[in-house]
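Student: I'd like to learn how to read charged side-chain pairs in a model. Could you walk me through some?
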Amino acid sequence: MASRTATKDIITLRGSAAIVSEFFGYAANSILYNRGVYPEESFAKVKKYGLPMLLSQDEGVKSFISSLTSQLSEWLEAGKLQRVVLVIMSKASSEVLERWNFNIETDGEVVEKGVAREKSDKEIMREIQAIMRQIASSITYLPCLDEPCVFDVLAYTDKDVAVPFTWIESDAKLIKNPQMVKLHSFDTKIHKVDTLVSYKNDDWDDQE
């Protein structure tokens with residue numbers, strides 16, 4: 001009788017930083033596509049995480065996300081990154097309409113002692129799949145963005161981190177009285193990423 005064994009993969013700090021930073025790149029592209037920040041025709045379909053994913057072909061967006069994921073990977077490997085927020089704003093007024101929050105918990109022992117952890121790559125992929133599916137279905141639980149929008153990315157790091165010259169200090173770009181939807185999380189056993197989207201509550205405005 002054949003037996004089935006569950007395999008665990010060795011996860012290093014560098015490997016985990018690569019998984020999480022790559023996830024941010026694909027998640028950002030998916031948010032920009034599904035929230036209509038850029039035209040549908042400017043995205044190309046690829047397969048990732050066992051899912052059809054869309055990547056922007058806009059050179060400015062590609063360059064931005066490439067440099068973003070590179071910097072995030074560096075901070076993740078140093079254990080210095082606490083949160084990443086993708087902000088969608090009105091192009092006309094700069095009013096913040098949505099904040100996609102990715103909170104990061106880092107295993108301090110791995111950073112300090114260089115130890116590895118174990119978790120199946122397939123299990124990590126399944127957890128990421130669940131988040132990507134929720135982003136793809138965001139039109140079902142988020143208000144329609146019926147005006148031209150732009151986006152920005154905020155990174156929350158430890159206070160002792162030097163700000164790279166390509167980044168600037170920013171305010172938190174908060175939303176007044178937001179509605180919130182908690183999404184799935186994923187965990188490499190070194191970095192845990194919790195996802196939450198907050199959005200402008202037009203119903204609240206109507207009551208004022």
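**Reading the salt bridges**

Tutor: Gladly! In this predicted model, Glu95 and Lys200 form a salt bridge, with their closest N and O atoms 3.8 Å apart.

Student: Which parts of the chain does that pair tie together?

Tutor: Glu95 sits in the loop between strand 4 (81-90) and strand 5 (96-106), while Lys200 sits in the loop between strand 9 (191-199) and helix 5 (202-207), so the salt bridge joins parts that are 105 residues apart in sequence.

Student: Is Lys200 buried or exposed?

Tutor: Lys200 counts as buried because its relative accessibility is 17%, and buried means under 20%. Its partner Glu95 is partly exposed, at 35%.

Student: Why can such side chains pair at all?

Tutor: The general idea is that side chains of opposite charge can pair when their charged atoms come close. For another case here, look at Lys62 and Glu59: their closest N and O atoms are 3.5 Å apart, and they form a salt bridge.

Student: Where do Lys62 and Glu59 lie?

Tutor: Both are in helix 2 (residues 59-77), three residues apart, or about one turn of the helix. Glu59 is exposed, with a relative accessible area of 56%, and Lys62 is partly exposed at 36%.

Student: Which residues are linked in a network?

Tutor: Salt bridges link Asp107, Glu109 and Arg117 in a network. Within it, the Glu109 and Arg117 side chains meet at 2.8 Å, N to O. Glu109 is partly exposed at 37%, as is Arg117 at 22%.

Student: How many salt bridges does the count come to?

Tutor: Nine.

Notes: Residues are numbered from 1 along each chain as its sequence is written. This is a predicted model: local features need pLDDT of at least 70, side-chain atom pairs count only at pLDDT 80 or more; totals for chains, interfaces and linings use all residues. Side-chain values use heavy atoms; hydrogens and water are left out. A salt bridge is a side-chain nitrogen of Lys or Arg within 4 Å of a carboxyl oxygen of Asp or Glu. Helices (H or I, at least four residues) and strands (E, at least two) are DSSP runs, numbered from the N terminus. Buried means under 20% relative accessible area, exposed over 50%, partly exposed in between (1.4 Å probe, protein chains only).
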